[in-house]
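These notes are meant for a colleague who is opening this structure for the opening look, and they proceed point by point. Please keep the display at hand while reading.

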Amino acid sequence: MRVALFLTCVNDTLYPDTGRAVVKLLTRLGVDVDFPAGQTCCGQAHYNTGYRHEAEPLARHFSDVFGEYDAIVTPSGSCGAMVRELYPRMGERARAEGRGDTLAATLAPVVPKTYELTEFLVDVLGVTDVGAYYPHTVTYHPTCHGLRSLGLGERPLTLLRAVKGLELVELPGAEECCGFGGTFAVKNSDVSLAMGTDKVRNAESTGAEVLCAADNSCLMHIGGTMTRLRTGMRPVHIAEILASTEEEPAA
Amino acid sequence: MSGTFVGMPAFPEAAREAVRDTTLRGNLRHATHTIRAKRAKAVAEVEDWAELREAGKRIKDHTLRHLDRYLEQVEAAVTAAGGVVHWAADAEEANRIVTDLVKATGESEVVKVKSMATQEIGLNEALEAAGVRAYETDLAELIVQLGKDRPSHILVPAIHRNRGEIREIFTREMSEWGRPAPEGLTDTPAELAEAARLHLREKFLRAKVGVSGANFVVAETGTLVVVESEGNGRMCLTLPETLISVVGIEKIVPTWRDLEVFLQTLPRSSTAERMNPYTSTWTGTTDGDGPRVFHLVLLDNGRTDTLADEVGRQALRCIRCSACLNVCPVYERAGGHAYGSVYPGPIGAILSPQLRGTDSEIDASLPYASSLCGACYEVCPVAIDIPEVLVHLRERVVQGGPATRAGNRVVLRPAKGHAAERAAMRAAQWAFTRPGVLRAGQRMASRTRRFHPRTLPGPGRAWSAGRDLPRVPAEPFRDWWQRTRGGKDGAAE
Amino acid sequence: MSSRERSSRERILGRVRRALADVPREEAPYERAVERDYLREHGTRTVAETVELLAENLADYRAVVHRCDEDGLPSVIAGLLRERGAASVAVPPGLEEAWLADTDVTRVPDRAEDTAAALDRVDSVVTACAVAVAETGTIVLDGSPDQGRRRITLVPDHHICVVRVPEQVVASVPQALERLDPLRPSTWISGPSATSDIELDRVEGVHGPRTLEVVLVDGAAASR
């Protein structure tokens, strides 16, 4: 099986540790993962801000870069949802606008092959214990697109529960949005901050050292709020926890 | 606070005020969290919720897709049952029809059942201008009317008020409108409800004209349905001699049987009850029981424009349950007033810009009043994909394009104020289709990272005002991958 | 309809038709467009269990539930009126005479010419019902002679409603609608008047009767 890592533009630029963790984890599980150098951005920010037409070339580019792989793994619930849920919709809209089936046909192949990391682990590789070791108290925030668009459900929690040394504590109001929402964080920053503050206060109330999620965009917002509020908690991507072992613990 | 929405600031500014109002935040948090848990329980009781939701969606979609036929069927059935049907293309026409009908009875006051359609058209103000006083009889509407306030929720228009504030409003204002509040009124909900009962009873008993909306209109029989809790609806629907119902054209369902879906999904979604205390159905007039004269005013007011949009038309499936408001994290913090419309919350954010267009500042900002978290779609009993419509309307705002206004096809120009954003999006698109350009940018960011400020100027200030910026790493992932051949040359580096 | 309104009718219908230009003419008709995969009733229950569920759900929404057989009904009704201290009771024209045989409370017949204000001075009302829904704890009135006009069960503050079990009890909302005639005005009642308008929490008692008593009368053994 030819497996490609779609790291996402945000992770590539700002969170390379998450990318290294995904590579380390998948390699440990016997997957030979490739990072196609042509990859850039899935177009989600464009699409969700109202620039669907500007997002189309990015989607076509994505399809060109990843089309030949058997599986595309991404450590981002929202970018995964962009491909799986919104690429088909972009095709439909182009058709409704009288532009034919070309876009839909171009994008169709990558849609079913794209997996969010925890889906890939649980559904494709069939593992729930990845042999990780992480001796910390962790609370898990299910990000909205992972939760509601992709329906990740129990997968991330199942993986975390199997991690040696990890104490998982429940996050109150877990399913409430953290307030990131892409450009929402800037366009409606007051509401976004109020949501982020409530999320951080809830996380703090658990006594956990680490807030874990499967999406660094949300963690950037939550983490930025945490340091501003001087909580002492850390935001950590789930890949970094799952990649951590007794021999090579996470930083 | 004024009673209208004219000249509302854009959503972010209005929301900023609300976010800082700690009493309001507390009131909304308490109310929405109470109902959220109850709704989840009421929905979990029925194992076929998903099927009911799908059937509700299909019934509404089918009706909307053949609305001309069903409108004619409603007209014929209501007329055959002794009712009189009127057609109103916009708010002004609806108000004129109702005002003329009330004037023709010789009465100078009407009692009203809570109705979104009459709020939408500003009927009370129009009646007042014609010398007719309209008494709101729903408890929350009464609180809003007495407080000279604006509604902030579809189901519970006074959700922004807590019991203490309600007590204060009743004590201060009731005497202006009729029977004063009882001496020594406390803030226990039961006492407040009793005060409303006493205050309104004299109005019900003498009322000659009632005004209502309807939750459903059954096309095959001409039956109207009003779903309520307090009994004020029954009072207005049965005691007056004349009943005038103003109903949006999207309220139609084809058959009596279709009610079996909505009478299960609506109560559980709105008040989180298995069934609301009272539901009234009536078909035209009945000899000796209830009003002798019945008028049905069918209201367009932007609905056909909404219908013309293939993506946006799903908003017309809405049955006004307000589950989407109760679950919305943005509504919970911004409050209903920030939405500048009688339709607040997620459904308002997709309904108002369609019914009214995106010309005004507030309407152009509403599609952005969401983090697209999807909680609204998840709870919607007719499966309106609110995030999908929000994004679609964002596109209309920033890109313009074809739309329908007052029945005419128009081509909208992109809204002002998005020029810088549009340029940035295009630049990003250019870079993102050229990996080499992206890489050069990433390297530049990494090399200059020592000089990056902790706060940002310009639009970025909105980010860094409350959150720290992430630190740019020493090298982007792609450089590490290339340097180490995917970690094969020293994985831990 | 004035000529202005007539032109609005044509204008709205025209707008609707133009708005739906994308809808194919051969689209599936109503019967096929609406799949009804939902249940006709939730769970499987014996007749007795369905009646029991009705009693439970009525009580859950603060209706006061009483059970008796046909022979005991007059004394139950008399007792409820006495406990209430009712001086007068509104009576629908077709109510069974026997039901009020044991009480001497003043009967107020339901007459079209009486004003709402006169009805406001009546303490209680006794009616039958058209159907009762177990799953939701709902009684439905349809204005039949033993239920009277809608106003008599609205203005007095105390409503006693008699449900014949098991024949008037259905499990679910779909089954209830099947039994009702849409051309008759219907009132669905689930507990006493209530509101959620103060802080979204339910409080009983606003404009409708604040006390709802439901008598489940076992008619199986009787002649009816």
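1. Which residue is the bridge partner of Ser280(B) in strand 9 of chain C? The partner is Thr187(C), and readers should bear in mind from the outset that this pairing, like everything else in this note, is read from a predicted model. The pair belongs to a junction in which strand 9 of chain B, residues 278–283, runs antiparallel to strand 9 of chain C, residues 186–189, with four bridges joining the two strands.

2. The contact between chains B and C deserves attention beyond that strand pairing. Two pairs of chains are in contact, and chains B and C are the pair that shares the most contacts. On one side 79 residues of chain B take part, and on the other 65 residues of chain C. Within the side of chain B that touches chain C, the largest share comes from helix 10 of chain B, residues 189–206, which supplies nine residues. Sorted by class, that side of chain B is made up of 37 nonpolar, 24 polar and 18 charged residues.

3. Chains A and C, by contrast, do not touch, and their nearest C-alpha atoms are 10 Å apart.

4. Chain C, taken by itself, has a secondary structure of six helices and twelve strands. Its radius of gyration is 22 Å, well over the 17 Å that the globule rule gives for 224 residues, and chain C is therefore more spread out than a compact globule. The C-alpha trace of chain C spans about 65 × 50 × 45 Å along its principal axes. Of its 224 residues, 51% count as buried. Among the contacts in chain C with a separation of 6 or more, 72% are accounted for by residues 24 or more positions apart.

5. Chain B holds 23 helices and twelve strands. The radius of gyration of chain B is 26 Å, close to the 23 Å that the globule rule gives for 493 residues, so chain B is as compact as a globular protein of that length. Its C-alpha trace extends over about 90 × 55 × 45 Å along the principal axes, and 59% of the 493 residues of chain B count as buried. When contacts in chain B between residues at least 6 apart in sequence are considered, 73% of them join residues at least 24 apart.

6. For the division of chain B, two descriptions are available, and they should be kept separate. The domain assignment gives domain 1 (138–207) and domain 2 (431–484), and the centres of these two domains of chain B, taken over C-alpha atoms, are separated by 56 Å. The UniProt annotation "domain: LUD", which comes from an unreviewed entry, covers residues 71–285 of chain B. Over residues 71–285 the chain is 46% helix and 19% strand, with the end C-alpha atoms 19 Å apart.

7. Chain A is likewise assigned two domains, domain 1 (3–124) and domain 2 (137–243), whose centres, taken over C-alpha atoms, are separated by 22 Å. The contact between them takes 26 residues from domain 1 of chain A and 22 residues from domain 2 of chain A. On the domain 1 side, the elements that give two or more residues include helix 2 (16–28) and helix 5 (77–96) of chain A. The residues on that side of domain 1 divide into eleven nonpolar, nine polar and six charged.

8. For chain A, UniProt lists "domain: Cysteine-rich" twice, at residues 3–83 and at residues 138–222, again from an unreviewed entry. The span 3–83 of chain A is 58% helix and 11% strand, and its end C-alpha atoms lie 16 Å apart. For the span 138–222 of chain A the figures are 48% helix and 12% strand, with the end C-alpha atoms 15 Å apart.

9. A last point concerns a single residue of chain A. Is Asp198(A), which lies in helix 11 of chain A, residues 189–205, buried or exposed? Asp198(A) is buried, because 21 other C-beta atoms lie within 10 Å, where 20 or more are needed for a residue to count as buried. The C-alpha atom of Asp198(A) is separated by 9.4 Å from that of Gly179(A), a residue 19 positions away along the chain.

Note on methods
Residues are numbered from 1 along each chain as its sequence is written. Chains are lettered from A and ligands numbered from 1 in the order in which they are written. This is a predicted model: local features need pLDDT of at least 70, side-chain atom pairs count only at pLDDT 80 or more; totals for chains, interfaces and linings use all residues. Two residues are in contact if their C-beta atoms, placed from the backbone, lie within 7 Å. The radius of gyration is taken over C-alpha atoms; the globule rule is 2.2 Å times the number of residues to the power 0.38. A residue is buried if 20 or more other C-beta atoms lie within 10 Å of its own, exposed if 12 or fewer, and partly exposed in between; C-beta atoms are placed from the backbone. Ala, Val, Leu, Ile, Met, Phe, Trp, Tyr, Cys and Pro count as nonpolar, Asp, Glu, Lys and Arg as charged, and the others, Gly among them, as polar. Two strands pair if DSSP finds at least two bridges between them. Domain bounds come from an automatic or database domain assignment. UniProt positions are given in the numbering used here, feature names are shortened, and annotations may be inferred rather than shown by experiment.
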